[in-house]
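This report describes the fold shown below, beginning with one strand pairing and moving outward to the sheet, the helices and selected residues.

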Amino acid sequence: MRESVQAEVLMSFLVSEELSFRIPVELRYETRDPYAVRMTFHLPGDAPVTWAFGRELLLDGINRPSGDGDVHIAPTGSETLSDVSIRLQVGSDRALFRVSAPPLVTFLDRTDKMVPLGQERTFGDFEDNLEAALGRILAEENAG
């Protein structure tokens, strides 16, 4: 069985209302972390930056404004499969991207064929990996 799905899409990085440029963004989904989608942004002159967030957040954001916290995803228009805006925020720093919805839908469809939505718990050893990760975090906190 395949363990990951990847795609590359072009997104507009909206620097201001007057300035934007297109950048390649790698989308990645892995069965070992079945709830998350990773987006790696390749900004000119900077090292690639990867954000991970819930697969359902991306799916929901294509159709309606979604997200509380650092990631907000929303359609830009009222028509079906309009462009999608993705706002990423760390503290007071924000980055805004715009992407066409169909490539996101295609990517999400491929992830759903690999791990159907709602069946994430049944795939791989997610529970064991989560337990191991929590154990490492607790051990680091106790050592520090």
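## Strand pairing and packing

Strand 2 and strand 3 run antiparallel and are joined by 4 bridges. The model discussed here is a predicted one. The two strands, strand 2 and strand 3, make a hairpin, with 5 residues between them. Within this pairing, Val 25 stands opposite Phe 41 of strand 3. Strand 3 also pairs with strand 4, in the antiparallel sense and over 6 bridges; there, Val 37 stands opposite Phe 53 of strand 4. Strand 3 is mostly covered, 5 of its 6 residues being buried.

These pairings belong to an open sheet of 7 strands with antiparallel pairing, in the order 4-3-2-1-7-6-5. Its edge strands, each pairing on one side only, are strand 4 (residues 49–54) and strand 5 (residues 71–75). On average, and with direction ignored, neighbouring strands of this sheet are turned by 30° against each other. Elsewhere in the order, strand 6 (residues 84–90) and strand 7 (residues 93–99) run antiparallel and are joined by 7 bridges. Val 90 stands opposite Asp 93 in strand 7.

The pairings described above are collected here.

| Strand pair | Sense | Bridges | Opposite residues |
|---|---|---|---|
| Strand 2 and strand 3 | antiparallel | 4 bridges | Val 25 and Phe 41 |
| Strand 3 and strand 4 | antiparallel | 6 bridges | Val 37 and Phe 53 |
| Strand 6 and strand 7 | antiparallel | 7 bridges | Val 90 and Asp 93 |

Two helices are considered next. Helix 1 (residues 55–63) lies across strand 2, strand 3, strand 4, strand 5 and strand 6, and runs at about 35° to strand 5. Helix 2 (residues 101–114) packs on the sheet and touches strand 1, strand 2, strand 3, strand 6 and strand 7. The direction of helix 2 makes about 160° with that of strand 1.

The largest nonpolar core has 31 residues, of which Met 11, Met 39, Phe 41, Ile 86 and Phe 97 touch the most other members. Helix 2 supplies the largest share of this core, 5 residues. Leaving out residues up to four places away in sequence, Met 39 touches ten named partners, among them Met 11, Val 25, Leu 27, Trp 51, Phe 53, Leu 58 and Ile 86.

Thr 111 is found in helix 2. Because its relative accessibility is 0%, Thr 111 counts as buried. The side chain of Thr 111 reaches the backbone oxygen of Leu 108 at 2.7 Å. Apart from neighbours within four places in sequence, Thr 111 is in contact with Val 5, Tyr 29 and Arg 55.

Arg 28 has its place in strand 2 (residues 20–30). Its relative accessibility is 23%, so Arg 28 counts as partly exposed. The side chains of Arg 28 and Glu 30 are joined by a polar contact of 2.5 Å. In a regular strand, side chains alternate between the two faces of the sheet. Arg 28 and Ala 7 lie 21 residues apart in sequence, yet their C-alpha atoms are 6.7 Å apart in space. Beyond residues up to four places away in sequence, Arg 28 touches Ser 4, Val 5, Gln 6, Val 37, Arg 38 and Phe 107.

How values were computed. Residues numbered from 1 in each chain as written. Predicted model: local features only at pLDDT ≥ 70, side-chain atom pairs only at ≥ 80, totals over all residues. Heavy atoms only, no water. Buried < 20%, exposed > 50% of the residue type's maximum accessible area, 1.4 Å probe, protein only. Contact = heavy atoms within 4.5 Å. Polar contact = N/O pair within 3.5 Å; in protein donor to acceptor, adjacent residues only side chain to side chain. Pairing = 2+ DSSP bridges. Axes fitted to C-alpha atoms, helices over the stretch in contact; angles between N-to-C directions. Core = buried A, V, L, I, M, F, W, Y, C linked by side-chain atoms within 4.5 Å.
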